Amino acid sequence: MARRKVAVLISGRGSNLAALIAACAAPDFPAQIALVVANRADAAGLAHATRAGIPTRVIPHRDYAARADFDAALDRALQAAGIELVCLAGFMRLLGDAFVERWRDRMINIHPSLLPAFRGLDTHARALAAGVRVHGCTVHFVRPAMDAGPVIVQAAVPVRPGDDAERLAARVLAAEHEAYPLALRLVAAGAARVEGERVVLAGPPPVPRAAVPGTVAAPVVIWRGDAD
Ligand code: GRF
């Protein structure tokens, strides 16, 4: 099986990167992580890549006067590594429209809310302030507008009485670690395609059995019931 070559872009902790690395270890996973790029040398997540023997690059955005120059350096690194798909995983740097268009339908992002609700930062506190009963995360193809683009996978979690932003964030993060590998699997296998700015799942989706008790995995939605 030919595995698609993936780059994961991070800025910090890298727990989603770790989840993707773990998923790629499965022999039938249709992608391999060929490069991890951070825009900060102190991104803790780089250690996950190093431990797994994955090449890393640090491209500090502060080294570039213009956004386009940073984007060009990033693009060169991706091309040099033969990258076919890009995963943004806590990458806290806005990419220019030209870069985004260049990687159109080949670049995906994870956002900690059920988009289109709560784009931007502080999603968990804002979800609590809004009083929503259900919160979660979204993996989507990247478009020039921030936190916008065709939805590949969403994972929903309950908002519980007594939740604070930290507790809710932890529950969502556990769901992220299931949703992102599932989305990458669908995209890398060619099973998730964009048609008319919506994602269509082609053929029988290669959905793994849910790993967490109380979780039911479906092609595009994971509902986390009692699992915390
Ligand atoms: C995650 O919550 C992700 O949804 C958001 O940034 C956070 C990154 O966490 N885009 P990590 O670095 O993957 O642990």
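In this predicted model, helix H1, which covers residues 15–24, packs against helix H6 at an angle of about 45°, and the axes of the two helices are 9 Å apart. That angle makes H1 oblique to H6, and the crossing of the two helices is right-handed. On the H1 side, the residues that take part are Ser15, Asn16, Ala19, Leu20 and Ala23, and they meet Leu173, Glu176, His177, Tyr180, Pro181 and Leu184 of H6. Sorted by chemical character, the residues of this contact divide into 7 nonpolar, 3 polar and 1 charged.

Helix H6, which spans residues 165–188, also meets helix H5, made of residues 123–130; the axes of H5 and H6 come within 9 Å and cross at roughly 115°. Angles from 65 to 115 degrees count as roughly perpendicular, and H5 and H6 are therefore described as roughly perpendicular to each other. The crossing in which H5 passes H6 is right-handed. Here His124, Ala125 and Leu128 of H5 meet Ala165, Leu168, Ala169 and Val172 of H6, and the residues of this contact divide into 6 nonpolar, 1 polar and no charged.

A useful residue to visit next is His135, which lies in strand S6, a strand running over residues 134–141. Is His135 buried or exposed? Its relative accessibility is 1%, and because buried means under 20%, His135 counts as buried. Leaving aside neighbours within four places in sequence, His135 is in contact with residues from several parts of the chain that can be found in the structure, including Pro112, Ser113 and Leu114, Thr123, His124 and Ala127, Ala155, Ala156, Val157 and Val159, and also Leu168 and Val172. Among these contacts of His135 are His124, Leu168 and Val172, three residues that also take part in the meeting of H5 with H6. Pro158 stands 23 residues from His135 along the chain, while the C-alpha atoms of these two residues are separated by 6.3 Å.

It remains to ask how far the predictor trusts its own coordinates. The protein averages a pLDDT of 90, and 89% of the residues score at least 70. Over residues 209–220, however, the pLDDT stays under 50, although the model has 33 contacts beyond four places in sequence for this stretch. Over residues 223–228 the pLDDT is likewise below 50, and that stretch has 27 contacts in the model beyond near neighbours in sequence. Where pLDDT is low, the predicted coordinates should not be read in detail.

Methods: Residues are numbered from 1 along each chain as its sequence is written. This is a predicted model: local features need pLDDT of at least 70, side-chain atom pairs count only at pLDDT 80 or more; totals for chains, interfaces and linings use all residues. Side-chain values use heavy atoms; hydrogens and water are left out. pLDDT is the predictor's confidence in each residue, from 0 to 100. Contact means heavy atoms within 4.5 Å. Axes are lines fitted to C-alpha atoms, for helices over the stretch in contact, and angles run from 0 to 180 degrees between N-to-C directions. Helices (H or I, at least four residues) and strands (E, at least two) are DSSP runs, numbered from the N terminus. Angles under 35 degrees count as roughly parallel, over 145 as roughly antiparallel, 65 to 115 as roughly perpendicular and the rest as oblique. A crossing is left-handed if the near helix is turned anticlockwise from the far one by less than a right angle, and right-handed if clockwise. Ala, Val, Leu, Ile, Met, Phe, Trp, Tyr, Cys and Pro count as nonpolar, Asp, Glu, Lys and Arg as charged, and the others, Gly among them, as polar. Buried means under 20% relative accessible area, exposed over 50%, partly exposed in between (1.4 Å probe, protein chains only).
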